[in-house]
Amino acid sequence: MTDLPASKVDLKSVMSAPARVDNSEGMSYLQSVPRRIVTLYLPLTIIVVVLLFPFYWMALTSVKPDDQLLDLDRYNPFWTWNPTFKHFHKLLFESYYPHWLWNTMYVAICATVLSIIASVLAAYAIVRLRYKGANLVGGLIFLAYLVPPSILFIPLATVVFQYGLFDSPLALILTYPTILIPFSTWLLMGYFKTIPFELEECALIDGASRWQILIKIVLPLAIPGLISAFIFCFTLCWNEFIYALTFLQSTSNKTVPVAIVNEFVDGDIYRWGSLMAGALAGSLPLVILYAFFVEHYVSAMTGAVKE
Amino acid sequence: MADVAIPRAKPQMSEDSAWTQLKHNRNWLGFWFMVPAMAFLIFFLAYPLGLGIWLSFTDTRIGRVGHFVATENYEWLWDDSIFWLSVFNTLLYTFVASALKFAIGLYLALLLNENMPFKAMLRAMVLIPFIVPTVLSALAFWWIFDSQFSIISWSLKHLGLIDQNINFLGDTTWARICVIFANIWRGVPFVAITLLAGLQTVSPSLYEAATLDGATRWQNFRYITYPLLTPIIAVVMTFSVLFTFTDFQLIWAMTRGGPVNATHLMATLSYQRAIIAGQLGEGAAISSAMIPFLLAAIMVSWFGLQRRKWQQGENND
């Protein structure tokens, strides 16, 4: 196998062959090192730098003193030697920021838990009870996934107003599941399908009810799927903007994304430091969560698309 | 055990009270299991969807019940140049951003699929723009594209490429470029990681066989990778197009539709008309006008899914 392609490539690829021994897989040894640098590492570096630069910039701005922020001639804008936590201090002690953070967390957790419970039941019923019309309902739920919030927010605002939920976190807790349930139902359907039927049949013969089967057999086996669904739903809630912007009015009730856009953006030319500090502090919880559960996150994202 | 169970089972079969039927009949059981999810989806999704279409035929305002005005809102919009501008912007935004997201995302997926050190960490880092709330990263872009203190203008000036600051978000063309760039930046990780998941299901032996037969790298891509990836591309791009088309938060955080409505999308315009100006009926008409485009996207997605199942020889399970 190695002989034939090697005759076509130059000596360098053969020299790079030792690399094949430790982390080898596939045919990467066919490429010479300089070629790999140009076709792989260089473009990859550029893309990754562009993707991460805004975060670097966000973090740097949030710790820069005000005078350095606006004076680009005397200081090199790409670094600072005297970082300050003034902006974070202002954020935490002179604004509603902790409130907003708490609101976001509260809404996200409640909406996620509600949606996961509803989705587990729905997904189990569609995949395993296979009642009449289960496939049709599955298809409808997929369609619901494709209805974007930007179409629904106007009528939902009137609905929320009619139910007397306007300006209360409950409005978000009840409307977010419409975004989350279709997604997590499809994800969990995929997971439930992988659990062997035989386990359930055994349990049925032993006299377990459907409810017991779901709680004692299916859920423990689907824990990775549940974690994926939970994390992804939580992120979606945290990220949601248009409903929170429309349904909430008073400053102290807002969620982080809405509050930062509406409350921090004033005419002040020195606002950038605290604005970026707010953006950073609002992103960090998600990034930390993500760092611990990368695998689950990716499987959630790809799982829902693949199904 | 057995002789206890059998006599008990018999009367149950014959009687089947209403309660046991509710408890054991799989259709009823399925119904009970579906109730929570369906309640949410009917009350907060299906009903508002219908209500939105109804509202678009009324002259409802905030705080005032509307009356049926037939297609007056739509006739009004038909002559509204700002509405048509927003349609144009939306189509331009969707088309350019989706095409570039696909191209860069596919390229990035191919790069990440190669063998290299720190592979897992790189993949994790690439996804960060997708994790961070859109509004917050949009604010970072707002600062990066500031008219006076933009780091891009500063760098270009120091490289000697330009003399004056670029008015990124104040100039109509630049503003469009900037919001499209921010959208691409946010969307590429999603496209790349999902396509990467698709790429990993392609067996390496196919490439080995093709290479033995003398295929070039381009031929490997064109005749192996691309055909095997088509179904997942169809699905990913449908989602991408759909969410780009209905985008709201990125625009709202960066430009609020300005300058001179150059970046107003249909979603932002409907928010402005319905919530800020209070014309719920007109706003609903604008968002209902998005539905035909949405349906087109859903059709594509549906056929993409069907085709995938057919390609992989799965049954409809």
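The following paragraphs lead the reader through a predicted model of two protein chains, from its overall make-up to selected helices.

Chains are lettered from A and ligands numbered from 1 in the order in which they are written, and residues are numbered from 1 along each chain as its sequence is written. Because the model is predicted, local features need pLDDT of at least 70 and side-chain atom pairs count only at pLDDT 80 or more, while totals for chains, interfaces and linings use all residues.

The model as a whole scores ipTM 0.84 and pTM 0.85. The term pLDDT denotes the predictor's confidence in each residue, from 0 to 100. For chain B its mean is 84, and 89% of the residues of chain B reach 70 or more. Over residues 1–14 of chain B, however, pLDDT stays under 50, and the model has one contact for that stretch beyond four places in sequence. Residues 313–317 of chain B also have a pLDDT below 50, with two contacts beyond near neighbours in sequence. Here two residues are in contact if their C-beta atoms, placed from the backbone, lie within 7 Å.

Chain A has 17 helices and zero strands, and chain B has 16 helices and zero strands. These elements are DSSP runs numbered from the N terminus, where a helix (H or I) has at least four residues and a strand (E) at least two. Of the 307 residues of chain A, 43% count as buried; of the 317 residues of chain B, 39% do. A residue is buried if 20 or more other C-beta atoms lie within 10 Å of its own, exposed if 12 or fewer, and partly exposed in between, with C-beta atoms placed from the backbone. In chain A, 75% of the contacts with a separation of 6 or more come from residues 24 or more positions apart. For chain B, 68% of the contacts between residues at least 6 apart in sequence join residues at least 24 apart.

The two chains meet in a contact that takes 79 residues from chain A and 77 residues from chain B. On the side of chain A that touches chain B, helix α4 (residues 33–63) of chain A gives the most, with 12 residues. That side divides into 59 nonpolar, 16 polar and four charged residues. In this division Ala, Val, Leu, Ile, Met, Phe, Trp, Tyr, Cys and Pro count as nonpolar, Asp, Glu, Lys and Arg as charged, and the others, Gly among them, as polar.

Helix α4 of chain A also packs within its own chain: the axes of α4(A) and α16(A) come within 7 Å and cross at roughly 130°. Axes are lines fitted to C-alpha atoms, for helices over the stretch in contact, and angles run from 0 to 180 degrees between N-to-C directions. That angle makes α4(A) oblique to α16(A); angles under 35 degrees count as roughly parallel, over 145 as roughly antiparallel, 65 to 115 as roughly perpendicular and the rest as oblique. Where they touch, A:Met58, A:Ala59, A:Thr61 and A:Ser62 in α4(A) meet residues of α16(A) including A:Trp272, A:Gly273 and A:Met276. By class, this contact has seven nonpolar, three polar and no charged residues.

Helix α15 (residues 256–263) of chain A is largely enclosed by the rest of the structure, because six of its eight residues are buried. They are A:Val256, A:Pro257, A:Val258, A:Ala259, A:Ile260 and A:Val261. Their cover includes α7 (97–129), α14 and α16 (271–292) of chain A, together with α8 (134–144) and α13 (249–254) of chain B.

Two of these residues lead to A:Phe241, which touches A:Pro257 and A:Val258 as well as B:Thr134, B:Val135, B:Phe248 and B:Gln249, not counting residues up to four places away in sequence. A:Phe241 lies in the loop between α13 (223–239) and α14 (242–247) of chain A. This loop residue is buried, with 21 other C-beta atoms within 10 Å.

In chain B, helix α14 (residues 266–276) is mostly covered, with nine of its 11 residues buried. Among them are B:Met266, B:Leu269, B:Tyr271 and B:Arg273. The buried residues of α14(B) pack against α9 (149–162) of chain A and against α5 (81–112), α13 and α15 (280–288) of chain B. Just after α14(B), B:Gly278 takes a positive phi of about 85°.
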